[in-house]
Each structure stands twice: as C-alpha cells, then as structure tokens.
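Here's a quick walk through one protein model, written for someone who wants to know who touches what. Have the structure open while you read.

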Amino acid sequence: MLLAVSTQTSIGLFVLFLSLVIAVVFGLVNLRQGRAEVGSEIELAPNRKPYLPDAELEGRKLDRTLSIGLLGLFILGIGLPLYWLQEPSRQEGAEERIREEFIQRGEHMFAPTAEGGYNCAFCHGPDGGGGSTPYTITDAEGRFVKEVQWKGPALNTIFLRYSREEIRYVLEYGRLATPMPAWGTKGGGPLTEQQLQNLIDYIGTFQITKEESQQQVAEELPKAMDERDATCVSARTDAAKAGMTEEELASFDASTVDTDSCPLAWDSEGEALFNLGYNDGFAGGAYSCGRCHTPGWSYGEKGEDGSGAMGPNLGGVLTQFPGDVLGVTQMTDFVCTGSTNGARYGQYGQGSGRMPGFCVVPAVEAADGEVGVVAHDVGTAEDGGMYTQEQVQQIVEYVRSLAR
Ligand code: HEC
Ligand code: HEC
C-alpha cells in the first residue's frame, strides 16, 4: 500500500537514495584525497599553494561557475512552479486515498461477526439488500413475550430516503424496541464518530440509483397485486397439513396448496405500496410505510394499517393536511421529502428527521470535520426517489381513505 501510494512518493524516495549515494561517494573520495603530512607546512598548506593564473580564472572557470549558477536558478524558477502546479492534484490524491481507506474500514465493520465485523450484513443482507433477524419481544418489565423474525430494511437505498445526518442519528442511537442496536458512543454503543462516518461512507458505495429503485418497484408491484390474503393462505396451508404423517410433512410443498380462491391481499396499488414486502420480504420492507406506522408489521403480525408504531398513528392526516386538493398536495410533498429535525410540517407537526423521504433524493453534504465526502444537491419530485411522485400520491390517497 505504502509503496504503491504514488509516483511522486517513489520519485522522492529515489532522489533521497541518490543523495545518500552521492554523499557517501563524496566522503570516500575526500578521505582518499586527503594527503598524509610529509613535510613542512609551507609546502603542504593548500592556502599557500600557487593557484590558477588570472587568465584562466576569469575565462573558462568563471564561465563554468556562472553556468552552474544559472542552471540552479532554472531549477528553482521552473521546478518550484511545476511543483506548485501539481499541488491541487496532489491534495486531491491524498483526499481520494483517505476516502478509500475510510471505505475499507467501513466495509470491515459492516461484515458478519464471523469475519470480524459488527454484523450489519446479517440483519440488512450481505449486499445491504435487506434481510431479517430473530428477535425476542419483551414487555415493559423485560419479560419474554415471544420470539419473532424481524425484517431488516435494505440499506442500498438509504441515501435515497435519508440525509447523512439522519443516517448518522439512527446509527448513533439505534431504534428502541427493535433489533437495531445503538452503535454510537452517545447511544451507549461501541463506535466512535469517526467509525460511524466510515460506515456511512462504505454504505454510500453500494447504493442503487433512483432509476434502478423505481425499476425494482415496477417489477415488484404487479407481484404484490397478485398476492393473496395472508390469513386465508395460512389457514389453507394449515388445513392441508392437518392429518399428514411426519414424512408427508417433511416433503410438503406450500406452493401446491390451492390459494387462488383466497381474496387478494391488497385492494389498491396504494395499499400494496404502503405494505410493499410484507408477504415476500422485498428489500426487507424498506419501501413500506407499515414498518413504522403499523404495529407488528415488521414481524408479519400487522395490526390495522397506519394505526401507529415508531411513526405516529396516521388517523389524523385529514386535520394535519386539510383540504381535498391542497391536503393531498401538501401530504404528498411531505411524504416525498420526509421530515427534517426541528422543522414544522402540516398544521401542527414537528419533524424529528426520522420520517424518510420517498420521492425526493436528499442532498449529500459533509458534516463538520468529515473528509472525502462527495456532496450533491437535493433532487426533485419530478425525477422521483425510491418511488415516483405518482406512486407516493397513490399511497397518500390510500392513507387518507383510511382516515376518512
Ligand atoms: C440484530 C440485527 C441488526 C444489526 C446487527 C444491525 N441492524 Fe440496522 N436495523 C435493524 C432493524 C431490524 C432495523 C429496522 C428497525 C425498525 O423496524 O424500525 C434497522 C435499521 C437500520 C437503519 C435505518 C434504516 C431505515 O430506513 O429505517 C440503518 C441506517 C441501519 N439499521 C444501519 C445498520 C448498520 C450500519 C449496522 C452495523 C453497524 C446495523 N444496522 C446493524 C437490524 C440490525
Ligand atoms: C423509518 C420509519 C418511517 C417510515 C418507513 C415511514 N414513516 Fe411516516 N413518519 C415517521 C415518523 C417518525 C413520523 C413523525 C414525524 C417525525 O418524527 O419526523 C412520521 C410522520 C408521517 C406523517 C405525518 C403524520 C402526522 O399526522 O403528523 C405521514 C402522513 C407519514 N409519516 C406517512 C408515511 C408514509 C405514507 C410512508 C410510506 C411511504 C411513511 N410515512 C413511512 C416514520 C416513518
């Protein structure tokens, strides 16, 4: 790594080596030329020796000395500006090197426990594409309630919904009453601010684009619209299993159960998008609203849509965003951009920054002291984010129909 750093370093090392060689040779030659004392001081003292005659001194010798001086001047006059010209790219190179090192450190922390990491990859998927994790739900006194399988949202779209600062907040404090632990020292976790930045930098390297995200939704939505009601499906499956022997159960294939007569899981695209990934775990539920606004959503036992969990109950949206036309527009804007910590929204809302933005890609900017962050401006609703603006509006219509 150190040797491959840059050609500049290697040239520097070479020049250093060359100077050392010259110094040693010079010393040796001097030692050899020093003559032993053999006679009187008058004979030997170099300052008593007759020197070159004027004609020679002021001729070739002078020319040579002046030429050497001129050459030195050239080296200074051209070499220094050249070095100065290189300076910006040298600094850029240094920044790039720091960035690469940060990303490598982040990658190491993201890895599974077996590889010495902090296991983000286990709960959020090896490539951050979403996963799930066993989790023990306890009551307020810490008593066992039940064992569930909790969805871990995909992180390969996290920059499409959150700013760096908001991502940092989740990492710092974790999510209370979910499997997501606090990682930062402020939240009681093991990682320093620098390590959190390294993680965020690494997560930034595997993001998909908004176009890719919208493409994935376009492929997933028709599948979701074909899904059958989960309660009916599990009842049919249980009925089919009833009375089977051990061997039959072992080779049982759930897809052979006839569920076509079960009602469809979702009545509208808005409802399907609100719950995207609920049945098949698509992107670990990252696109859904239910994972934050519906109790039990993340472990497949969802209550009434929008009845409130980490995010508030959505029953009040008609007073939060009033008006049949204006309300839809303002609510769509809010869901598109998400909330900002400390900023007001709607009629009486106060944002915490935890509500993600679904169709406007947040700006990227470096926080105080962050090095090597590639900044970009906030996106537009027309270009969309994880969802298109139309899809967010479909969701908004669905949520408003619940509140009516
Ligand atoms: C034990 C499992 C687990 C581990 C380990 C874990 N997470 Fe999480 N993480 C979760 C779950 C589950 C959620 C969603 C919580 C919820 O339902 O609100 C989450 C949420 C998040 C979020 C917010 C995503 C969003 O859109 O709401 C980020 C960012 C995140 N995790 C990053 C990390 C990073 C980085 C690491 C490694 C240092 C990590 N997580 C380790 C389970 C885990
Ligand atoms: C990661 C969790 C999370 C997800 C996912 C999420 N929200 Fe939210 N939402 C919140 C939080 C938290 C708030 C409260 C505002 C705040 O704290 O900034 C909120 C607030 C809201 C509000 C304002 C409610 C009110 O009356 O004040 C609406 C509307 C809303 N969310 C809709 C949605 C929709 C629609 C989706 C899906 C497209 C969604 N949310 C996905 C966490 C989430």
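How far apart do the C-alpha centres of domain 1 and domain 2 lie? They sit 19 Å apart, in what is a predicted model.

**Domains**

The domain assignment splits the protein into domain 1 (115-205), domain 2 (211-227 + 267-403) and domain 3 (228-263). Where domain 1 and domain 2 meet, domain 1 puts in 25 residues and domain 2 puts in 23 residues. On the domain 1 side, the elements giving two or more residues are β1 (131-138), β2, α5 (158-161) and α6. β2 gives the most here, with five residues. If you sort that side of domain 1 by class, you get eight nonpolar, eleven polar and six charged residues.

**Ligand 1**

Now for the first ligand. Ligand 1 has 27 residues around it, and the nearest are C120, C123, T178, P179 and M180. Three elements each supply at least two residues of this shell: α4 (120-124), β2 (144-152) and α6 (164-173). The largest share, four residues, is from α4. β2 and α6 turn up twice in this story, since they supply residues to the shell around ligand 1 and also to the side of domain 1 that touches domain 2.

Why does ligand 1 lie between domain 1 and domain 2? Both domains give residues to the shell around ligand 1, so that is where the ligand ends up.

**Ligand 2**

Ligand 2 is surrounded by 25 residues, with C289, C292, G311, S339 and S352 closest. Two or more residues apiece come from α12 (290-293), α13 (317-320), α14 (326-337) and α15 (389-403). Of these, α12 has the largest share, at three residues.

Here are the class counts for the two shells:

| Shell | Nonpolar | Polar | Charged |
|---|---|---|---|
| Ligand 1 | 19 residues | six residues | two residues |
| Ligand 2 | 13 residues | ten residues | two residues |

**Helix pairs**

Two packed helices are described by the angle between their axes and the distance between the axes. Let's do that for two pairs.

Start with α14 and α15, both of which also give residues to the shell around ligand 2. Their axes come within 9 Å and cross at roughly 120°, and the two helices are therefore oblique to each other. The crossing of α14 past α15 is right-handed. On the α14 side, V328, M331, T332, V335 and C336 make the contact, and on the α15 side Q389, V392, Q393, I395, V396, E397 and R400 do. Those residues break down into seven nonpolar, three polar and two charged.

The other pair is α3 (residues 54-110) with α7 (residues 193-205), packed at an angle of about 90° with axes 7 Å apart. That angle makes α3 roughly perpendicular to α7. Which residues of α3 meet α7? They are R99, F102, I103, R105, G106, E107, M109 and F110, facing Q195, Q197, N198, L199, D201, Y202 and T205 of α7. By class, this contact has six nonpolar, five polar and four charged residues.

**Pulling it together**

Ligand 1 lies between domain 1 and domain 2, because both give residues to its shell. For ligand 2, the helices to look at are α12, α13, α14 and α15, each giving two or more residues to the shell.

Conventions. Residues numbered from 1 in each chain as written. Chains lettered and ligands numbered in written order. Predicted model: local features only at pLDDT ≥ 70, side-chain atom pairs only at ≥ 80, totals over all residues. Near = placed C-beta within 6 Å. Nonpolar A, V, L, I, M, F, W, Y, C, P; charged D, E, K, R; others polar. Domains from an automatic or database assignment. Axes fitted to C-alpha atoms, helices over the stretch in contact; angles between N-to-C directions. Parallel < 35°, antiparallel > 145°, perpendicular 65-115°, else oblique. Left-handed = near helix turned anticlockwise from the far one by under 90°. Contact = placed C-beta atoms within 7 Å.
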